[in-house]
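Please read the following report beside the sequence and the 3D structure, moving from one region to the next.

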Amino acid sequence: EKRSLRSEVRSLQNQVQELRGSIRVFCRIRPPRGAGAGAEGAPGNGFGVKAEGSRSVCLKKPPGDRRHDFNFDRVFNQQAGQRDLFEEVGPLLPGILEGIHVCIFAYGQTGAGKTYTLAGQRSSKQPGIQDLAIGDLLRLAKESFEVRLTALEIYNESIQDLLSTCEGASGPSRAPSERLEVRQSREGLTSDAETEEASPSPFGSMRVPGLKSWTVQDSADVEEALERVRTKRHVASTALNERSSRSHTVLSLSVLRRSAGTVEYLGVPVGVLHIVDLAGSERTKVSQAEGLQMKEANCINRSLSALADVLFALGDSSSSAHVPYRNSKLTYLLQDALGGPGCKTFLFAQVSPDAQDAHESYSTLTFAARVATSVQKGRLRLRTGNVSPSPRRELRERDSPSAREE
Ligand code: ADP
Ligand code: MG
């Protein structure tokens, strides 16, 4: 019995091995807005986006309802449930206990279902990918591992802790909390007060000094932590009006090995799962915005294109393309979890099927399909085998002499 279990574990490990270092791109189409009771305007027969089988999406947009087709690793239509999506992610979770780093991104315009996919819907008791993944990780971790959670928000290229207490946050006008910085700690460097943190960083060699981490043991702990995150985001959004759609939220679950009842502080966790709810991808016309709005629009535009550039470069990882991690806080922070050996990235491109959203859907689909295409090109080139698979590390070391400061 033990042997069959062991071989099962091994085959799982092999599966994980095979999936290592790759990016998978999915598209999820939300239900039409007219479908709900009491909603204004029936969906009608003109559509914007439609699934064509399980791997393609077709979009029609003006002028002239021209048809555009996009291909992905998998397409989830409006009937797809949360567990259908989780099917793609779940099998990789045991790999986190073996040391892989997983990043899950939700990309798309505001209202396209990013938060629904990741965090679920509490009113209808629909768990999100994040809830299902945390549940599985806790089950897998049991006595041998400890699971820790951190949550942060990147808003206007500045980082805030979503788990730290909002001391005295009684009024909506209160500033959410202090700004945190990302630092790069190099191996072999004598630890200074800043790198000598109580807990290992979920971001590998990248650290966010002062970021709180919570040890979670069961779903009650997780619920408490996530409730805190929601409250904190709510405070931030009443202060700055719907801020959640203009900031990136990064939830990270680190798995640490536990030996004889204590956690070993080895500096880095065994494996990590990052869940990233990106800012709405709708492009605010910078020319039409002013002041804070203009700054927000600029930051979102720049950080989403920085992410795009990193994913394009990583997708085609067989080429010796330079990976421009340093162009945004998000990619700078997540660089150790993106694209290296033992890293796995999932991108969920969220779109609305409605004709009136066709323009934004087009830009989301174009972005995601470009990432998918660069991944396929990379795979093809690897198969034909005239390039070395991972020139990235080397390049990065040469490229990043010190942490960027702004
Ligand atoms: P985003 O985070 O991209 O701005 P949300 O996840 O908040 O979008 O979704 C907007 C609204 O649509 C929410 O009320 C959400 O519950 C609903 N919604 C989104 N996707 C789905 C889905 N697949 N099934 C049912 N409702 C959905
Ligand atoms: Mg959202």
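How many bridges join β2 to strand β3? Four bridges join β2 to strand β3 (residues 56-61), and the two strands run antiparallel; strands pair if DSSP finds at least two bridges between them. This is a predicted model, in which local features need pLDDT of at least 70 and side-chain atom pairs count only at pLDDT 80 or more, while totals for chains, interfaces and linings use all residues. Residues are numbered from 1 along each chain as its sequence is written, and chains are lettered from A and ligands numbered from 1 in the order in which they are written.

Helices (H or I, at least four residues) and strands (E, at least two) are DSSP runs, numbered from the N terminus. The strands β2 and β3 form a hairpin with three residues between them, and G53 in the turn has a positive phi of about 70°. V49 stands opposite L59 in β3. Strand β2 (residues 49-52) has V49 and A51 on a covered face, with K50 and E52 on an uncovered one.

A residue is buried if 20 or more other C-beta atoms lie within 10 Å of its own, exposed if 12 or fewer, and partly exposed in between, with C-beta atoms placed from the backbone. In helix α2 (residues 82-89), L85, F86 and V89 are buried. Seen down the axis of α2, these buried residues fall within an arc of 100° and so line one face of the helix, the arc being that of the directions from the helix axis to the C-beta atoms. On the other side of α2, R83 and E87 are exposed.

The largest nonpolar core (buried Ala, Val, Leu, Ile, Met, Phe, Trp, Tyr and Cys residues joined through C-beta atoms within 7 Å) has 95 residues, of which C27, L347 and A368 touch the most other members. Helix α7 (residues 291-315) gives the most to this core, with nine residues.

Around ligand 1 there are 13 residues, of which R30, G113, K114, T115 and Y116 come nearest; a residue counts as near if its C-beta atom, placed from the backbone, lies within 6 Å. Helix α4 (residues 114-119) supplies the largest share of this shell, three residues.

Two loop residues that are not glycine have a positive phi, and their values are set out below.

| Residue | Phi | Other C-beta atoms within 10 Å |
|---|---|---|
| K125 | about 50° | 7 |
| K142 | about 35° | 8 |

K125 is in the loop between α4 and α5, whereas K142 lies in the loop between α5 and β7 (145-155).
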